[in-house]
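Work through these exercises with the model open. Each task is followed by a stepwise solution.

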Amino acid sequence: MNGKGRALVLGGGGVAGIAWLTGVLAGLARGGTDVTGADLLIGTSAGAVVAAQVGSGLPVEELLARQADPALQNREAVPSRGLTGTEFAEIWMRLAEDSDDDAAMRRALGARALAADTVPEAERRAVIEGRLPAHEWPDRDLWVTAVNALTGDLRVFDRDSRVPLVDAVAASCAVPMVWPPVTIGSVRYVDGGVRSLNNLDLATGHERVLVLSPMEDPGLAADIETVTDSGGRVEVIVPDEASRAAFGTDPLDPSTRTPAAKAGLAQGTTQAATIASFWG
């Protein structure tokens, strides 16, 4: 699946992350560095949404308006019976501390996800459908990550997977215990961020890789080394102080979208010149 060229890796971070990622991309473009034409888009969770939105061909300014303008924002569901994003993060951290086996931790999260009382799959799918301006896979390389809830194995969906784009993105966004696992065929999938918040290592083999990482990723340094050892160059943008403040205490809270989009826009505009020298 790998090829040479430029890869744009978009990581997980809830609805605040979707807004921030979109803002950063718009800010980079306003600053003269449009990175949305990357040879490969890799999306995980929130990043899967934004990668699919970028792949739709809708101008990045329109994508920004859909995040920053409350009148244009899509309907978002609030977990009625599941956990908040903050509560999930706390459970995830405890499991990580108690286990030296990443695969076992993923299976433990998957088991909890399968047992959780959340909103129905169909209700959640409708929300994801509303986020995407196009529901067909684009004619370009777009990879969407998810994790098999039972085995903990990574699944990378693309246009050759024979899986609807909405289902692939919904699977990538299925935060365990917050949203329901997504059924595709006979398999139920959870959030791709369970394996890695960015899944940067999938970009190995590309010459230049830009990572937009809304949340702190404990595995990022190792993944950067994996890519650079293969001859690639990596640049990473993480939220600055203003962006972190805009995320608030729960990145799944829909009210974070406008402030996070605006903070991302300001940050992207500021960093456009730096990224231009890297992106070429």
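**Exercise 1. Describe the surroundings of Asp 191, then of its partner in the active-site annotation.**

Solution.
- Step 1. Start with contacts. Beyond neighbours within four places in sequence, Asp 191 is in contact with Thr 44, Ser 45, Ala 146, Val 147, Ala 171, Ser 172, Cys 173, Ala 174, Val 175 and Pro 176. The model is a predicted one.
- Step 2. Place the residue. Asp 191 sits in strand S6.
- Step 3. Judge its burial. The relative accessible area of Asp 191 is 5%, so the residue is buried. The cut-off for buried is under 20%.
- Step 4. Turn to the annotation. In an unreviewed UniProt entry, "active site" covers Ser 45 and Asp 191. The two span 147 residues in sequence, yet their C-alpha atoms are no more than 6.0 Å apart, so they gather at one spot.
- Step 5. Place Ser 45. This residue lies in the loop between strand S2 (40–44) and helix H2 (46–55). Ser 45 is buried too, at 8% relative accessibility.
- Step 6. List the contacts of Ser 45. Leaving aside neighbours within four places in sequence, they are Gly 12, Ser 172, Cys 173 and Asp 191.

**Exercise 2. Which residues other than glycine have a positive phi? Examine Ser 45 and Arg 162.**

Solution.
- Step 1. Recall the background. Most residues other than glycine have a negative phi.
- Step 2. Check Ser 45. Its phi is positive, near 55 degrees.
- Step 3. Check Arg 162. This residue is not a glycine either, and its phi is positive at about 60 degrees.
- Step 4. Locate Arg 162. It is in the loop between S4 and helix H7 (165–172).
- Step 5. Set the accessibilities side by side. Arg 162 is exposed, at 82% relative accessible area, whereas Ser 45 is buried at 8%.

**Exercise 3. How many aromatic pairs does a search of the whole structure find? Analyse the geometry of two of them.**

Solution.
- Step 1. Count. The search finds 3 aromatic pairs.
- Step 2. Take Trp 20 and Phe 247. Their ring centres are 6.4 Å apart and their planes stand at 70 degrees, so this pair is edge-to-face. The cut-off for that class is over 60 degrees.
- Step 3. Trace the chain. Trp 20 belongs to helix H1 (residues 14–30) and Phe 247 to helix H9 (residues 241–247). The two are 227 residues apart, and the pair links distant parts of the chain.
- Step 4. Check burial. Trp 20 is buried at 0% relative accessible area. Phe 247 also counts as buried, at 8%.
- Step 5. Take Phe 157 and Tyr 189. This pair is edge-to-face, with 5.4 Å centre to centre and 75 degrees between the planes.
- Step 6. Trace the chain again. Phe 157 lies in strand S4 (residues 154–157) and Tyr 189 in strand S6 (residues 187–191), so the pair ties together parts 32 residues apart in sequence.
- Step 7. Check burial again. Phe 157 is buried at 0% relative accessibility. Tyr 189 is buried at 5%.

**Exercise 4. Where does Arg 124 lie with respect to Trp 179?**

Solution.
- Step 1. Find the ring of Trp 179. Arg 124 lies over its face.
- Step 2. Read the distance. Arg 124 is at 4.1 Å from the ring centre.

**Exercise 5. Is Arg 233 buried, partly exposed or exposed, and which residues does it touch?**

Solution.
- Step 1. Place it. Arg 233 is found in strand S8 (residues 233–237).
- Step 2. Classify it. The relative accessible area of Arg 233 is 46%, so it is partly exposed.
- Step 3. List contacts. Not counting residues up to four places away in sequence, Arg 233 touches Glu 207, Arg 208, Val 209 and Phe 278.

**Exercise 6. Where does H10 bend?**

Solution.
- Step 1. Compare spans. Helix H10 (residues 257–279) has 23 residues, and its end C-alpha atoms are only 27 Å apart. A straight helix would reach 33 Å.
- Step 2. Find the bend. H10 bends by about 50 degrees at Ala 272.
- Step 3. Look past the end. Gly 280 follows H10, with a positive phi near 80 degrees.

Technical notes: Residues are numbered from 1 along each chain as its sequence is written. This is a predicted model: local features need pLDDT of at least 70, side-chain atom pairs count only at pLDDT 80 or more; totals for chains, interfaces and linings use all residues. Side-chain values use heavy atoms; hydrogens and water are left out. Rings of Phe, Tyr and Trp (its six-membered ring) pair if their centres lie within 6.5 Å; planes under 30 degrees apart count as stacked, over 60 as edge-to-face and the rest as tilted. Helices (H or I, at least four residues) and strands (E, at least two) are DSSP runs, numbered from the N terminus. Buried means under 20% relative accessible area, exposed over 50%, partly exposed in between (1.4 Å probe, protein chains only). A charge sits over a ring if NZ of Lys or CZ of Arg is within 6 Å of the ring centre and within 35 degrees of the ring normal. UniProt positions are given in the numbering used here, feature names are shortened, and annotations may be inferred rather than shown by experiment. Contact means heavy atoms within 4.5 Å. The expected span of a helix is 1.5 Å times one less than its number of residues. The bend at a residue is the angle between axes fitted to the seven residues ending there and the seven starting there.
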